[in-house]
Amino acid sequence: MQTLDELVADLVDRYTGEKDHPGDGGPGLLHRLDTLGLRTRQPPDGGHAPPGSRPPTSLEAVSWSHRIKTEAIGLDMQLRKSARTQSWYRALKAIPPGAEAADRVGEVTRIVGRWHGTVLTVLGLRGPSMHFRQALCLVCGERTVYGRADDDRPRGWCINDACQDDDGRPARYEGTRLYLLTTNRAS
């Protein structure tokens, strides 16, 4: 999982991705949402893009971009405890130090991680997540587990904000732990 600084850098500066799933080093993810030609990866040798990488409609991409920028400005104001706003770029860049100063790094990382994942999904760089309706979270016992069945790395996670695993983060399920969810089903 990426740190808060890495998530913000992916959104604003350059998309570098995670260690096991590196990005392409191109423009930031929000810039890609705002620029029609950057919304999907095209094969370098020409031809058609891979199935499922169809660019989102202009309105959908711009809508998500605007929503994330607006939420970032609001979150920055909360962290600074100020009534004054900053531009979305400055607000996003100020979120990591503001979260540390307010001692809310875990909560803010979850919020920015949700924005990051949404942008990746809208751009077609990652498939959508699914709600595991019948699975109970092994930590909090709620039906709040979502997951993604990527070929190379199937995984799941709890979206309950009150759920915290042993390391203080929301419960995450990968590898053999993911398969424990299938035996922990709600009737």
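What pattern does the protein follow when read along the sequence? The order is α-α-α-α-α-β-β-β-β-α. The model is predicted, and the legends below describe close-up views of it.

**Figure 1. Overall arrangement of helices and strands.** The protein holds six helices and four strands. Along the sequence, five helices come before the four strands, and one helix follows them. Of the 187 residues in the protein, 36% are buried. Among contacts with a separation of 6 or more, 43% join residues 24 or more positions apart.

**Figure 2. The largest nonpolar core.** This core has 25 residues. Those that touch the most other members are Leu-11, Leu-92, Ile-95, Val-108, Val-112, Trp-115 and Val-119. At least two residues of the core come from each of α1 (4-12), α2 (29-34), α3 (58-80), α4 (88-101) and α5 (105-123). The greatest share belongs to α5, which supplies eight residues. A second core, separate from this one, has nine residues, including Cys-137, Cys-158, Ala-171 and Leu-181.

**Figure 3. Contacts of Val-108 in the largest core.** Val-108 is among the residues that touch the most other members of this core. With neighbours within four places in sequence left aside, Val-108 is in contact with Leu-4, Leu-75, Leu-79, Ile-95 and Ala-99. Two of these partners, Ile-95 and Ala-99, are buried residues of α4. Leu-4 is one of the buried residues of α1.

**Figure 4. Packing of helix α1.** The buried residues of α1 are Leu-4, Leu-7, Val-8, Asp-10, Leu-11 and Val-12. Their packing partners are α2, α4 and α5. Leu-11 is also one of the residues with the most contacts to other members of the largest nonpolar core.

**Figure 5. The bend in helix α4.** A bend of about 45 degrees occurs in α4 at Ile-95. Within four residues of the bend comes a proline, Pro-96. The end C-alpha atoms of α4 are 19 Å apart; the 14 residues of this helix should span 20 Å at 1.5 Å a residue, so the two values agree. Buried positions in α4 are Ala-91, Leu-92, Ala-94, Ile-95, Pro-96, Gly-98 and Ala-99. Both the residue at the bend, Ile-95, and the proline after it are therefore in the buried set.

**Figure 6. The aromatic pair and Lys-69.** One aromatic pair is found in a search of the whole structure. The pair is edge-to-face because the ring planes of Trp-88 and Tyr-89 lie at 85 degrees, with the ring centres 6.0 Å apart. Trp-88 has a relative accessible area of 29% and is partly exposed. Tyr-89 is partly exposed as well, with a relative accessible area of 37%. Lys-69 lies over the face of Trp-88, 4.3 Å from the ring centre.

**Figure 7. Two loop residues with positive phi.** Most residues other than glycine have a negative phi. Lys-81 has a positive phi, near 55 degrees, and is located in the loop between α3 and α4. Its relative accessibility is 76%, so Lys-81 counts as exposed. Asp-103 also has a positive phi near 55 degrees. Asp-103 follows just after α4, in the loop between α4 and α5. With a relative accessible area of 71%, Asp-103 is exposed.

**Figure 8. Arg-110 in helix α5.** Arg-110 belongs to helix α5. This arginine has a relative accessible area of 18% and is therefore buried, the cut-off being under 20%. Apart from residues up to four places away in sequence, Arg-110 touches Asp-161, Gly-168 and Pro-170.

**Figure 9. Gln-134 in the loop between β1 and β2.** Gln-134 is found in the loop that runs between β1 (130-131) and β2 (145-148). Its relative accessibility is 37%, so Gln-134 counts as partly exposed. Gln-134 and Thr-144 are 10 residues apart along the chain. The C-alpha atoms of Gln-134 and Thr-144 are separated by 9.5 Å.

Technical notes. Residues are numbered from 1 along each chain as its sequence is written. This is a predicted model: local features need pLDDT of at least 70, side-chain atom pairs count only at pLDDT 80 or more; totals for chains, interfaces and linings use all residues. Side-chain values use heavy atoms; hydrogens and water are left out. A nonpolar core is a set of buried Ala, Val, Leu, Ile, Met, Phe, Trp, Tyr and Cys residues joined through side-chain atoms within 4.5 Å. Buried means under 20% relative accessible area, exposed over 50%, partly exposed in between (1.4 Å probe, protein chains only). Contact means heavy atoms within 4.5 Å. The expected span of a helix is 1.5 Å times one less than its number of residues. The bend at a residue is the angle between axes fitted to the seven residues ending there and the seven starting there. Rings of Phe, Tyr and Trp (its six-membered ring) pair if their centres lie within 6.5 Å; planes under 30 degrees apart count as stacked, over 60 as edge-to-face and the rest as tilted. A charge sits over a ring if NZ of Lys or CZ of Arg is within 6 Å of the ring centre and within 35 degrees of the ring normal.
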